[in-house]
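Please open the model in your viewer and keep the selection tool at hand. This tour goes from one selection to the next and says what is to be found at each.

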Amino acid sequence: MRLLFEIGMEENPARFLVKALDDLKKNLENKLKNERIKYDDIKTFGTPRRMVLLVEGLAERQEDLNELNMGPARKVAYDANGELSRAGLGFAKSQGVEGKDLEIVETPKGEYIAVRKFSEGVATKTLLPEILKSLVLELEFPKSMKWADRKFKFARPIQWFLAMADNEAVEFEIEGIKSGLSSKGHRFFGKPFTVSSIDDYFNKIRENNVIIDIAERKQMIRDLIDKNCTKENEQVLIHENLLDEVTNLVEYPYPIVGTFNSDFLEVPQEVLIISMEVHQRYFPILDKNGKLLPKFVVVRNGIEDSDKVRAGNEKVLSARLADARFFYQEDLKNPLEANVPKLSTVVFQKDLGTIADKMARVTKLADFLTDKLGYGAEKEDIFRTIKLCKADLVSNMINEKEFTELQGLMGADYALKSGEKETVSRGIEEHYFPRFKGDKLPETKEGIVAGICDRMDTLAGCLGVGVTVTGSKDPFALRRAALGIVNVIINSKLNISLKELTEKSIEILDEAGVLQKDKATLEKEVLEFLKQRVINVFTDMKYRRDVILAVVAKTWDNVIETKSEIEVLEKAVQEDSFKNLIGIIKRVGNIVKDHEGREVNKDLFKEEAEVSLYDYVENLDKTVTELLAAKDYKGYLDAVLNGEEIVNNYFNTVMINDKDAAVKNNRLSQMKRLDDIYERMADLDLIEG
């Protein structure tokens, strides 16, 4: 059997559609499972005006219910008089049966009471009305509404339900809206229609100019743009998230090329692109070199070209671009530095003060970091970058809330036009990098230092005043800040200590009198937060998870060194010789797990293997100390590997658990020294064999 269900409504916001379809599918899957109705597949389709479910291979009937529910043991369920105890009565009540309906079942563990339930499956069609009705009533949206005199909520007013199983209607009603076999085509290029079968629906919906398959609509937009919207040496800028949104704004897409006055190109093209993409959902057209042309693509909800639609969109865009140009020209009337005093009126966080307060702290932290990195020659430009890097937040372009996505980029442009150095200009833009996963990273020392110090102040400051981060709540993007710090350090190969950076940031915050936590407690919290981001970054870099955890368990403060250790260990664990050693390492670790260790007494040796191991460990200790001091991680692993035969011989000839407690503890101490060497670079016990 096949089932088709369509919910018809007023235009649904594009951002609601995909999740709503996913939720509908999951909810239907759960309901069919709970009702013991089998099916082969569930497909979803959707446009702004409809959500559609198609179920293939739906069973004609429920499966029969035949189950045995076990209760407590018989001796617990009945008292000495053979009457049901409280436990027995409770079980019977929970199963909705009387005491007489209980069975005694023999199991390998003894006798237990049980309830056997059997009911014959009913026809699926008798259950579908309630299932479909509940799908509608239980569906949730980010924002819902009521309309007319109805009590239930939905994203937008529902206009119709089409529901059919095979060729028959599935009838139900929700507050006066009755299901049937009728639907509606495209609002402007279609008409209402009635269907006689599920295949008839799919034919007629297309005849009425509705493409209900989201993937098909999306590909249509790409194909029509490629075919009709570009000339030689032109390209349409298509960002995937915008394409997804536009796809779900239309029922039948038809891309149209519009133009705007080339005078607007005096404004940075990023501003114009934001105006087109974010505010108007248009696709910009660029030349082969990536330079914006005075052209754009608007995707019409229609089946043909229209001069009227083109002219209307051109008029709307011109007004939008005129606003952008006005903001830009007004901002250029004063140097960027003139905005800096205004930052003292903008609150960063209620307990951490204004943005001006924040940048004063960032400057102090940058002074420390610049000296640590040996960037003394660039210190003046770094300080200048920090002074100006937030100044565009109070510019007309950003402060009007129209172009907040351009913070940093506008500051860089204004800085150059104010006569600032190019490195300062680049640093202003780059200190925001990376803005999201996979984004570009800063290249200038100005951008690197400003970005790290800005994020570090945000992270330590917010945690220091009690801002909490949960799975769904991160109001100051602290995860992103921490990830940014780690990624910038790795990309720029900075030899710095995260612990020292954290300590200095907390010291500066404490001097400012804003902390609400003990410094030691806060330092531990910040470092743990950073540690998890270090693990995440290396995981994203596709290193083995067990290798990452093994190294980070011992060292992660200097992430450049941590990365080198991970790379060496990642390669080593693939070698057969190392795989053989892992068994020894784990065995040693297990033996000394609860042993604190003490000085080894050579006079208690009884076996030659003990002497051999002692000499090996003495030499190995000195060797690996020198190798690790020289950051020769491969040399360390090679040195550890070379002792496999000696350690194996020890295990083969020496009984550690000697009857003499002194001998036993002495041997455990030998193992403890060896285990300590194995864990100098990484916790090798964590490596999966």
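Begin by selecting helix 21 and helix 23, where helix 21 passes helix 23 in a left-handed crossing; a crossing is called left-handed if the near helix is turned anticlockwise from the far one by less than a right angle, and right-handed if clockwise. Helix 21 covers residues 576–591 and helix 23 covers residues 633–641, and their axes come within 10 Å and cross at roughly 60°. Axes here are lines fitted to C-alpha atoms, for helices over the stretch in contact, and angles run from 0 to 180 degrees between N-to-C directions. Helices (H or I, at least four residues) and strands (E, at least two) are DSSP runs, numbered from the N terminus.

Before going further, please note that this is a predicted model, in which local features need pLDDT of at least 70 and side-chain atom pairs count only at pLDDT 80 or more, while totals for chains, interfaces and linings use all residues. Residues are numbered from 1 along each chain as its sequence is written, and side-chain values use heavy atoms, with hydrogens and water left out.

Now show the side chains of Ser-577, Phe-578 and Leu-581 in helix 21, which meet Leu-637, Val-640 and Leu-641 in helix 23, where contact means heavy atoms within 4.5 Å. The residues of this contact divide into five nonpolar, one polar and no charged; in this scheme Ala, Val, Leu, Ile, Met, Phe, Trp, Tyr, Cys and Pro count as nonpolar, Asp, Glu, Lys and Arg as charged, and the others, Gly among them, as polar.

**A second helix pair**

Next select helix 15 (residues 445–464) together with helix 16, which pack at an angle of about 145° with their axes 9 Å apart. The crossing of helix 15 and helix 16 is left-handed. Among the residues of helix 15 in this contact are Ile-448, Ile-452 and Arg-455, and the residues that helix 16 brings to meet helix 15 include Leu-478, Ala-481 and Ala-482. By class, the contact of helix 15 with helix 16 has twelve nonpolar, three polar and one charged residues.

**The second largest pocket**

Keep helix 16 on display and turn to the second largest pocket, which holds about 340 Å³ of space. Of the 15 residues that line the second largest pocket, the closest to its centre are Phe-436, Lys-437, Gly-438, Leu-483 and Asn-487. On a 1 Å grid over the protein atoms alone, a cavity is a set of points where a 1.4 Å probe fits but cannot get out, and a pocket is an open set with protein on both sides within 12 Å along at least five of seven lines; lining residues have an atom within 4 Å of a point. Grid points are joined across faces, edges and corners, and a volume is the space filled by probe spheres set on the points.

Which helix gives the largest share of the lining of this pocket? Helix 16 does, with five residues, and the lining by class has seven nonpolar, three polar and five charged residues.

**The largest cavity**

For an enclosed space, select Val-600, Leu-613, Tyr-614, Val-617, Gln-670 and Arg-673, which line the largest cavity, a space with a volume of about 30 Å³. Helix 22 (608–629) and helix 25 (661–678) are the elements that give two or more residues to the lining of the largest cavity, and helix 22 gives the most, with three residues.

**Two sheets**

Now colour strands 13, 14, 15 and 16, which form an open sheet in the order 13-15-16-14 with antiparallel pairing; two strands pair if DSSP finds at least two bridges between them. The edge strands are strand 13 (234–236) and strand 14 (253–259), each of which pairs on one side only. Strand 14 and strand 16 (residues 292–301) pair over seven bridges, and the bridge partner of Tyr-254 in strand 16 is Arg-300. Add helix 6 (residues 214–228), which lies across strand 13, strand 14, strand 15 (283–287) and strand 16 and runs at about 40° to strand 14.

Finally, select the open sheet of three strands with the order 4-6-5, where the pairing is antiparallel. Seven bridges join strand 4 (residues 65–73) to strand 6 (residues 110–119), and Leu-65 stands opposite Ser-119 in strand 6. On the other pairing, a hairpin joins strand 5 to strand 6 through two residues, and the bridge partner of Ile-104 in strand 6 is Ile-113.
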